[in-house]
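Me: Hey, I've just opened this one and I'm new to it. Can you walk me through it?

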Amino acid sequence: LASSAPASWRAGGVVEVGWGIAANHGGGYAYRLCPASAPLTEECFQANHLPFADAASTLRLGGGGEVRAPAADVSKGTVPAGGAWRRNPVPACRGGSCDAPQFPPPAGCDATCWGTSDNASIGRVLPVIVDRLKLPVSLRPGRYVLGFRWDCEATSQVWASCSDVTILSGGG
């Protein structure tokens, strides 16, 4: 891939992140940081778990528009201890026919707000899930890797992705 300038975030600030679903397996997700100069291990990412800044996600709908979805965060029994994981707010299909959602979608959702997979041929494009994260004031300036981890519920899969970010010193 072609190299591009990483996003610049300020220590102590609030940042917006998002992810999209191609195949909806439920479960929960978290965001973490690891210094780019360190070995990119699960232990490094667990040591820098990022808290969510508020108690809702924004769903950017496939057909256009946005819906705020109350978050279901879990911080008991998590790894790292006390680190908040957020439940995927997009319901999958109930049963094989996909004529009903697994659980009620957030208020204001349309027919593209739930399903098992993206399928533009039938008009179903699952929403992008957007969250805000609170960066610790204690982050040292420098290059980091932002890690996203999604532990699925309906399967034993774990999905991960990452991106480069630069952390700037806090303050105005």
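**Burial, build and a cavity**

Reply: Sure. This is a predicted model, and of the 172 residues in the chain, 39% count as buried.

Me: What radius of gyration does the chain have, and what would a compact globule have?

Reply: The chain has 17 Å; with 172 residues, a compact globule would be near 16 Å, so the two agree. Along the principal axes, the C-alpha atoms fill a box of roughly 50 × 35 × 30 Å.

Me: And how many helices and strands are there?

Reply: You'll find one helix and ten strands. Going along the sequence, the order is β-β-β-α-β-β-β-β-β-β-β.

Me: What share of the contacts joins residues at least 24 apart?

Reply: That's 62%, counting contacts in the chain between residues at least 6 apart in sequence.

Me: OK, switching to empty space. How many cavities of 30 Å³ or more turn up?

Reply: A search of the whole structure gives one. The volume of the largest cavity is about 30 Å³.

Me: Which residues line the largest cavity?

Reply: The lining is made of Ser 57, Ala 69, Pro 70, Ala 71, Ala 72, Arg 86, Arg 87 and Pro 89. By type, that lining splits into five nonpolar, one polar and two charged residues.

Me: Which strands supply at least two residues each?

Reply: β5 (66-70) and β7 (85-87) do, for the lining of the largest cavity.

Me: Last one, about the outside: how much accessible surface is there?

Reply: About 9100 Å² for the chain, with 55% of that belonging to carbon and sulfur atoms.

Methods. Residues numbered from 1 in each chain as written. Predicted model: local features only at pLDDT ≥ 70, side-chain atom pairs only at ≥ 80, totals over all residues. Heavy atoms only, no water. 1 Å grid on protein atoms, 1.4 Å probe; cavity = no way out; pocket = protein on both sides within 12 Å on 5 of 7 lines; lining within 4 Å. Points joined across faces, edges and corners; volume = space filled by probe spheres on them. Helix = DSSP H or I, 4+ residues; strand = E, 2+ residues; numbered from the N terminus. Nonpolar A, V, L, I, M, F, W, Y, C, P; charged D, E, K, R; others polar. Rg over C-alpha atoms; globule rule 2.2 N^0.38 Å. Buried < 20%, exposed > 50% of the residue type's maximum accessible area, 1.4 Å probe, protein only. Contact = heavy atoms within 4.5 Å. Areas by Shrake-Rupley, 256 points an atom, 1.4 Å probe, with all protein chains shown as cover.
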